[in-house]
Amino acid sequence: MNFLDNFNTTIRSNHSLINIVTYEEARFLLMVAESPLFKDKSIIVWDLADGFKTIKGSTSGIKNKERADPIHCLQEVKKFSGNAIFILRDFHLHFRESIILRSLRNLNQDLRASKKTIVITTPTSTLPAELREDVCQIELELPGYKEIEKELDNVVASTSQPNPPTPQLKEKIVESTLGLSMVNIKNLFSRIIITHGVIDERAIEIILHEKRSIIKKGEILEFFPVQESLNDIGGLENLKAWLRKRSQVFTHKAKDYGLPAPKGILIIGIQGTGKSLTAKATAGLWKLPLLRMDLGKVFGSLLGESEQNLRQAINLAETISPCILWVDELEKAFAGSTGGAGDGGTSARILGTFLTWMQEKTKPVFIIATGNDVAQLPPELMRKGRFDEIFFVDLPSNSERQAIFKVLLEKVRPVIRQFNLEKLAEATEGYSGAEIEQIIYDAMFNAFDDNQREFTEEDILGSVSEIIPISRLMSEKIGALRTWATHRTRKANSET
Ligand SMILES: Nc1ncnc2c1ncn2[C@@H]1O[C@H](COP(=O)(O)OP(=O)(O)O)[C@@H](O)[C@H]1O
Ligand SMILES: [Mg+2]
């Protein structure tokens with residue numbers, strides 16, 4: 001059922017107190033005012049600044065006070081005899097006052113027998129516990145394809161351009177604005193007309209630019225600039241081969257060929273083994289934008305807001321697609337989602353939203369999720385069919401450590417210097433890539449401090465003992481992780 005039908009049914013079934021959850025108050029008002037569904041009703045808006053204002057129909061008898069106040073507002077609504085929808089703006093800001101809550105609840109009883117409805121729009125779905133029984137909540141979703149198309153048609157008509165956009169271009173424009181609010185979309189269309197005078201191919205560039213800046217404003221998604229390539233990763237040959245094989249997978253050719261778009265991978269392994277690096281390098285290899293999602297911030301938001309935030313972030317990722325959605329250190333967000341205690345089931349709901357999306361998504365958003373600790377991850381996440389593969393990254397083998405030294409040393413000394421890689425690898429059994437990097441920097445610091453001489457192999461070997469590898473501190477945990485990984489995951493490292 002679409003939003004207006006749902007809203008209409010709710011009103012006709014004698015709900016007199018309705019909460020519309022939306023950031024787009026103006027769009028809601030316009031939708032209701034224009035809809036023939038409510039032509040028998042007056043539409044009256046109230047806010048603290050202007051008091052009552054009639055949008056449509058008759059409002060005989062309603063009096064504005066010198067200075068608007070919420071109690072007076074409810075009294076006037078009660079007195080009014082007629083068929084009307086009252087839209088009370090910002091009314092949730094008064095919910096802190098107990099007299100307001102009580103008046104609303106009493107009024108709710110009175111209104112049931114009348115043809116009056118009170119609508120309160122709020123940006124989030126949070127309601128005081130006292131009101132939950134009385135209020136019916138409906139979410140106004142972001143504008144859909146049809147609604148945006150209509151807006152675009154209006155804009156095109158207003159330009160009376162000699163070559164209106166082709167149906168293909170129109171489709172492209174509408175699709176690329178999905179996920180934005182109507183206010184944003186209208187502003188965008190105006191910007192396009194101001195810049196180019198017409199709607200043509202150049203519109204897409206402006207829309208993408210706008211989306212990037214919206215992502216910057218939002219807190220949950222971040223555009224991650226990528227310089228890395230697969231050459232920056234030492235070892236992990238199996239994982240790299242898997243990624244290489246899929247370099248072309250989001251192209252039109254692959255689609256025409258009938259290949260399904262891959263969903264994503266989960267990379268598990270102890271910290272410092274190159275999981276985050278792999279996410280970045282994949283974006284470099286596939287030449288796709290990398291969006292990093294901070295799930296911690298999804299959960300951090302106010303109760304009730306988190307789901308909406310997640311959905312908005314997902315919408316944005318889909319509109320940017322094809323892209324890579326990087327969810328780093330999953331366990332930080334999902335720890336506790338199975339316990340259910342403490343957060344009123346929010347994390348479980350978020351997890352559910354996320355999993356459902358993964359299952360059903362059709363847009364080419366490739367997820368790269370990483371995790372250090374499976375014990376803290378909800379098992380549902382690892383069930384077959386969620387990810388294309390779950391990779392386990394082990395500590396680097398001897399030959400992998402050689403490769404890592406080579407990659408990292410070539411970075412700091414691009415003019416080839418000879419190092420005995422076998423010797424270095426031999427000395428660093430049990431060390432992760434991140435620790436090897438730390439060893440190299442440590443050696444460089446020491447040499448620099450010693451009259452700024454060039455660092456040597458001996459400096460590096462000397463630094464090895466300075467750094468205790470994390471694997472030594474948590475050998476038991478690593479053992480358990482390996483056992484877990486044996487039958488459930490693919491190896492990221494090659495066998496050698
Ligand atoms: N296999 C590797 N090859 C090259 N560098 C590595 C590798 N593993 C780790 N590093 C170095 O350590 C840094 C941190 O690794 P990171 O990818 O953040 O580890 P993780 O995400 O697994 O904790 C990387 O930026 C890179 O400099
Ligand atoms: Mg990491």
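The questions below concern helix 11 and one sheet of a predicted model.

Local features need pLDDT of at least 70, side-chain atom pairs count only at pLDDT 80 or more, and totals for chains, interfaces and linings use all residues. Residues are numbered from 1 along each chain as its sequence is written, and chains are lettered from A and ligands numbered from 1 in the order in which they are written.

Q: How do you know that the span of helix 11 agrees with its 12 residues?
A: Helices are DSSP runs of H or I with at least four residues, strands are runs of E with at least two, and both are numbered from the N terminus. The expected span is 1.5 Å times one less than the number of residues. For residues 275–286 that gives 16 Å, and the end C-alpha atoms are 17 Å apart, so the two agree.

Q: Which residues of helix 11 are called buried?
A: A buried residue has 20 or more other C-beta atoms within 10 Å of its own (exposed: 12 or fewer; partly exposed: in between), with C-beta atoms placed from the backbone. Among those of helix 11 are Lys-275, Thr-278 and Trp-286.

Q: What makes strand 2 and strand 4 a pair?
A: Two strands pair if DSSP finds at least two bridges between them. Strand 2 (residues 42–47) and strand 4 (residues 84–88) are joined by five bridges and run parallel, so they pair. Ile-44 stands opposite Phe-86 in strand 4.

Q: Why are strand 3 and strand 6 called edge strands?
A: The open sheet has six strands in the order 3-2-4-5-1-6, with mixed pairing. Strand 3 (51–56) and strand 6 (136–139) each pair on one side only.
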